[in-house]
Each structure stands twice: as structure tokens, then as C-alpha cells.
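Student: Could you go through this structure with me? I'd like to start with the overall picture and then ask about a few spots.

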Amino acid sequence: MTRSDLMGTADAPRPHPLGRFASPFLLLAAMWLVQFADAVLPGSFTGFGLRSWDPSGLAGIILGPLLHASWAHLIANSVPFLVLGCLVAVEGARRFWTVTAFAAVVGGLGTWLLNAPGTLTVGASGLVFGYFGYTVMRVFAPGRVSHRILYAVIALVVIGVYGGSMLAGVVGVRDGISWQAHLFGAIGGALAAFVGRDGPRRP
């Protein structure tokens with residue numbers, strides 16, 4: 001490596017630490033823009049959500065998390081989405097989008113299979129449960145001991161703050177709320193905690 005290469009490497013701008021949180025903010029902003037467009041344009045976008053047992057409704061795996069039944073629905077999801085999403089994004093944008101993809105796909109497929117045929121499911125709650133599942137299971141994923149201890153502390157705080165509502169979102173949901181999306185979203189996030197990780201290196 002030449003001296004100029006070394007200087008170029010040293011002078012290369014490093015990404016700002018706060019830049020890793022851009023992904024959850026951008027995804028949440030997209031949800032708000034979609035909801036605003038749904039409110040001002042004729043018709044309703046919710047028909048593009050996940051429709052169980054309908055092959056044409058599988059596109060809702062991607063579109064469903066961006067859609068919400070009402071402003072109240074979106075507002076209820078926004079704060080936990082941002083808090084838990086930023087906890088995932090601490091590990092970088094790639095990790096955030098990986099967890100998001102797992103929560104959306106596993107949560108969507110589980111919902112599509114287990115919900116009553118024709119049931120329409122929309123909302124980001126599956127992603128919220130996915131981020132929760134990831135944060136909890138990250139403790140058991142391969143990595144440095146110091147990182148696992150830190151995630152254990154974070155997981156305890158997250159369970160203390162959101163654990164009750166997460167449990168209620170699976171076993172105590174009201175009519176019109178998909179426990180399937182919550183449960184399988186959490187499973188997807190938990191699986192993502194073990195994807196793309198190497199075991200501890202030996203000297």
C-alpha cells in the first residue's frame with residue numbers, strides 16, 4: 001500500500017454516528033406520507049394490505065407495514081416503532097433492514113397462513129414486535145461477551161417497558177387486531193438475531 005493510499009484512507013470521511021438512526025426515521029416518515037396520501041386522495045390504500053389465503057394479497061407482506069387503518073392506528077405504532085427500531089439500528093443500517101425484512105416476511109407469511117381466509121391485515125405492529133424479538137434474542141446471539149452483557153441490560157429494560165404490552169398483543173388482543181402478525185413478527189425478529197453472525201474468534 002502506498003503512502004497516498006494510506007493518506008486517502010485516513011482522510012476518508014467517516015459516517016456520522018447519528019446517521020445509523022436515519023433508517024428507522026425514514027421508514028416511519030414513509031408510513032406517515034402514505035397515511036397522508038391515503039387521507040387526501042380518493043379511495044383507500046388499505047386494500048393493498050395483506051389478504052390471507054389470497055395469492056394476489058401476498059404483496060401485502062411488503063406494503064402492509066406501510067399502511068394503517070387510521071391516524072390513531074399509525075400514532076399508536078409510531079413511538080414503539082421508533083424506540084425499538086433505533087435500538088436495532090444501533091448496529092447499523094444493514095442490520096436494521098435485515099431485521100425489518102425478517103419481521104416483515106416471517107410475520108407476513110405466518111399471518112397469511114393462519115388468519116381466516118380473506119382477512120385484511122395492515123400496520124407496522126408486526127415490525128414493532130420483530131424489533132422487540134430481536135432485542136431480546138440478541139443476548140443469545142454469537143458475539144463479544146461485553147456486547148452480550150450490554151444487550152442483556154437493554155433487553156431487561158425493553159422487557160420492563162414493553163413486555164406487558166407485547167404479551168397482551170399476542171394473548172389478549174381485541175377483535176380486529178392480528179395476534180398472528182404480532183407473534184410471527186416477533187419470531188422473525190428473533191431469527192434475525194442469529195443471521196450473519198460469526199462465533200467468538202479464538203486467538
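Tutor: We will go from the whole chain to its core, its largest pocket and some single residues, keeping in mind that this is a predicted model.

Student: OK, so how many helices and strands does the protein chain have?

Tutor: The secondary structure of the protein chain comes to eight helices and two strands, and, read from the N terminus on, the elements follow the order α-α-β-α-α-α-β-α-α-α.

Student: And what share of the residues is buried?

Tutor: The protein chain has 203 residues, and buried residues make up 39% of them. As for contacts with a separation of 6 or more, 79% of them are accounted for by residues 24 or more positions apart.

Student: Let's do the core. Which residues touch the most other members of the largest nonpolar core?

Tutor: That core has 26 residues, and the ones that touch the most other members are Met31, Phe81, Leu84, Leu127 and Tyr131. Helix H2 (22-40), H4, H5, H6, H7 and H8 each give two or more residues to this core, and H6 gives the most, with seven residues. In soluble globular proteins, nonpolar side chains tend to be buried together.

Student: You listed Tyr131, so what is tyrosine 131 in contact with, leaving aside its neighbours within four places in sequence?

Tutor: With those neighbours left aside, tyrosine 131 is in contact with Leu27, Phe81, Leu84, Gly85, Val88, Phe96, Val99 and Thr100. In addition, the backbone oxygen of tyrosine 131 lies 2.8 Å from a polar atom of the threonine 135 side chain.

Student: Threonine 135 then: why does it count as buried?

Tutor: Threonine 135 counts as buried because its relative accessibility is 1%, and the cut-off for buried is under 20%. Threonine 135 lies in helix H6, and, apart from neighbours within four places in sequence, threonine 135 is in contact with Leu87, Val88, Tyr151, Ile154, Ala155 and Val158.

Student: How far is threonine 135 from alanine 186, going by the C-alpha atoms?

Tutor: Their C-alpha atoms are separated by 9.9 Å, although the two residues are 51 residues apart along the chain.

Student: Switching topic, what is the volume of the largest pocket?

Tutor: The largest pocket has a volume of about 870 Å³. It is lined by 41 residues, of which His73, Asn77, Ser125, Ile177 and His182 are the closest to its centre. Several elements give two or more residues to the lining, among them helix H4 (71-89), helix H7 (145-171) and helix H8 (179-192).

Student: How does that lining divide into nonpolar, polar and charged residues?

Tutor: The lining of the largest pocket divides into 19 nonpolar residues, 21 polar residues and one charged residue.

Student: Next one: where is asparagine 115, and is it buried or exposed?

Tutor: Asparagine 115 sits in the loop between helix H5 (93-114) and strand S2 (120-121), and asparagine 115 is buried, with a relative accessible area of 10%. Its side chain is joined to that of glutamine 180 by a polar contact of 3.1 Å. Leaving aside neighbours within four places in sequence, asparagine 115 is in contact with Ser52, Trp53, Thr121, Ser178 and Gln180.

Student: Last thing, where is tryptophan 53, and what is its phi?

Tutor: Tryptophan 53 is in the loop between strand S1 (50-51) and H3, and tryptophan 53 has a positive phi of about 65° although it is not a glycine. Tryptophan 53 is partly exposed, with a relative accessible area of 49%.

Note on methods:
Residues numbered from 1 in each chain as written. Predicted model: local features only at pLDDT ≥ 70, side-chain atom pairs only at ≥ 80, totals over all residues. Heavy atoms only, no water. Helix = DSSP H or I, 4+ residues; strand = E, 2+ residues; numbered from the N terminus. Buried < 20%, exposed > 50% of the residue type's maximum accessible area, 1.4 Å probe, protein only. Polar contact = N/O pair within 3.5 Å; in protein donor to acceptor, adjacent residues only side chain to side chain. Contact = heavy atoms within 4.5 Å. 1 Å grid on protein atoms, 1.4 Å probe; cavity = no way out; pocket = protein on both sides within 12 Å on 5 of 7 lines; lining within 4 Å. Points joined across faces, edges and corners; volume = space filled by probe spheres on them. Nonpolar A, V, L, I, M, F, W, Y, C, P; charged D, E, K, R; others polar. Core = buried A, V, L, I, M, F, W, Y, C linked by side-chain atoms within 4.5 Å.
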